[in-house]
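Morning, everyone. Please have a look at the structure on the screen. I will take it piece by piece.

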Amino acid sequence: MHTFPAFKSDLLQVALEQSFNAVMITNAERGGGGPVIVYCNAALCAMTGYSEAELLGQSPRMLQGPATDRAVLDRLRHCLEQGLFFEGAAINYRKNGEAYHLEWNISPVRDGAGEIRYFVSVQRDVSERVQADQERNLLAQALNASNDAILITDDTWTIVYANQACEALTGYARSELLGQSPMLLRSGMHEPGFYEALQACLLRGEGFRGTFINRHKNGSLYYAEQSIAALHNSAGKISHYVGVSKDITPQVQRETVLREQASRDKLTGLLNRHAGEYELQHCQMHALASGQGFGVILGDLDHFKRINDSWGHRTGDLVLKSVAAVLLQSVRSTDYVVRWGGEEFLVILPDVTLEMAQELAERIRSSVQGYSVPNAGHCSISLGVGVWQLGEAEESLLQRIDAALYASKERGRNRVTMAAQGGGAEARDTSGAARRDLHTLSTGRWLATDRGTQPHSPVLQT
Ligand SMILES: Nc1nc2c(ncn2[C@@H]2O[C@H](COP(=O)(O)OP(=O)(O)OP(=O)(O)O)[C@@H](O)[C@H]2O)c(=O)[nH]1
């Protein structure tokens, strides 16, 4: 067992010698070059690179250099003059010229009469810590300067860091984000499976990349292309998640407008045929998966050529626009109304029975008939209607409905005909209008006529 030296002064000397902190004692010389070093321990020699012999009798100024903070030295001088405790940090220089960051304090040592005779200085080389702080600051500055929003959470998805771009993207101040969950930004626009896929990806150790639809603090939606990666600690456990998001709202909006424009008929604003064909396929896929059928109505304006011929093309256009509006008002919000051809309209009815489809077709027929177009008066529409049969090809469905529409025309127009089931062309007229397709001149309505017998029926204006 070790024993310490018996005398206190010996103990103190041993303690100072072995101290991990550098210790320097100077005298309190005021004149000439000021205080000089009268004691230094091994740690001070190791820190500065000077030997004890090189340090003793020298001014501590030998350790200072161009980057030493003059303001700190002025404060130090003031403390020494006033006999006050000093504490500070500055850059000093080793014997080899290398700069190091120093944190140190100086206490005056008084004699029995209260006179300051020495100054004892305890010093610590904090270069590593300062360098680490500087690197951290640099990284924080770089993260902040990034145009991409960066969000860091701990392993429980609690936000521990958000950069400036994140504040701008989300509308939340950093103080509002810290401590919260990123769920704060959820818009409710994603299926739950989206977030489950994200979690599964991260747990597998893979990064996740996707387009998020999030909600801004002001309630608006924004689109962010986001990548999320998990950070692991030394034990291999997830410690943090880092999310980097790029705001792609303008691109998505532009694409949406372009897609919308490309899918719309210019004159009526309805879906164009291309978009209608897409929706039809989509409906069919959904029906195959869900077993829920869908219906299709094909409508064709009656004697539309006469409108053009009588009132001009512009009025004809106006009629088409008006009929489009009537169609939109007649169907459900879940239905698709398509301008299928010149004066031909297709309505796709997801999740309907034959009866419901028939009812909607009849509603369309009577709404068109009841609508009066400025400068042109009333017109009528013939319709064919049917529902998709399990396993039926899209083409076959359209053929059946087209045949039903043709039958409506053949049977006098302004009527609804149900498509034959089972692929045949046999069609069934269900329209009440079949019994009242003649309209008097006094009502000013279009005179619905049989295509074959009265090809030149007059077109009337209200
Ligand atoms: N104003 C206008 N006319 C169009 C447009 N597209 C097609 N048409 C016209 O629609 C008319 C269709 O005529 P037809 O196919 O003979 O049919 P209909 O006169 O409606 O006779 P039925 O269908 O037998 O009742 C043609 O004269 C086309 O020029 C359009 O965008 N604007």
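**A walk through the core and its helices**

Let's start with one residue, Phe345. Keep in mind that this is a predicted model. Leaving out residues up to four places away in sequence, Phe345 touches Leu270, Ile297, Leu298, Gly299, Leu301, Leu320, Val323, Leu327, Val338, Arg339, Trp340 and Ile381.

Now zoom out. The largest nonpolar core has 31 residues. Which of them touch the most other members? They are Ile297, Leu301, Val319, Val323, Phe345, Ile364 and Val368. So where do the core residues come from? Seven elements are listed as giving two or more residues each. The strands are β11 (294-301), β13 (344-350), β16 (381-387) and β17 (416-418). The helices are α11 (304-311), α12 (313-330) and α13 (354-370). Which element gives the largest share? That is α12, with six residues. Another core lies apart from this one. It has 24 residues, including Met24, Cys40, Leu44 and Val72.

Next, α11 and α12. Their axes come within 6 Å and cross at roughly 140 degrees. That crossing makes α11 oblique to α12. Which residues meet there? From α11, take Phe304, Ile307, Asn308 and Trp311. From α12, take His313, Thr315, Gly316, Val319 and Leu320. Sort the residues of this contact and you get five nonpolar, four polar and no charged.

On to α13. This helix has 17 residues. From first C-alpha to last it reaches 24 Å, close to the 24 Å expected at 1.5 Å a residue. Its buried residues are Ala357, Leu360, Ala361, Ile364, Arg365, Val368 and Gln369. Look at the spacing of those numbers. An α-helix has 3.6 residues a turn, so residues three or four places apart point the same way. What do the buried residues of α13 pack against? Their partners are β11, α12, β13, β15 (377-378), β16 and β17.

Last, α10, residues 273-290. This one has 18 residues and reaches 25 Å between its first and last C-alpha, close to the 26 Å expected at 1.5 Å a residue. Buried in α10 are Ala275, Gly276, Glu279, Leu280, Cys283, Gln284 and Ala287. Those buried residues pack against α9 (249-263), β11, β12 (336-339), β13 and α14 (394-410). And what follows α10? Gly291 does, and its phi is positive, near 80 degrees.

Conventions:
Residues numbered from 1 in each chain as written. Predicted model: local features only at pLDDT ≥ 70, side-chain atom pairs only at ≥ 80, totals over all residues. Heavy atoms only, no water. Core = buried A, V, L, I, M, F, W, Y, C linked by side-chain atoms within 4.5 Å. Buried < 20%, exposed > 50% of the residue type's maximum accessible area, 1.4 Å probe, protein only. Helix = DSSP H or I, 4+ residues; strand = E, 2+ residues; numbered from the N terminus. Contact = heavy atoms within 4.5 Å. Expected span 1.5 Å × (residues − 1). Axes fitted to C-alpha atoms, helices over the stretch in contact; angles between N-to-C directions. Parallel < 35°, antiparallel > 145°, perpendicular 65-115°, else oblique. Nonpolar A, V, L, I, M, F, W, Y, C, P; charged D, E, K, R; others polar.
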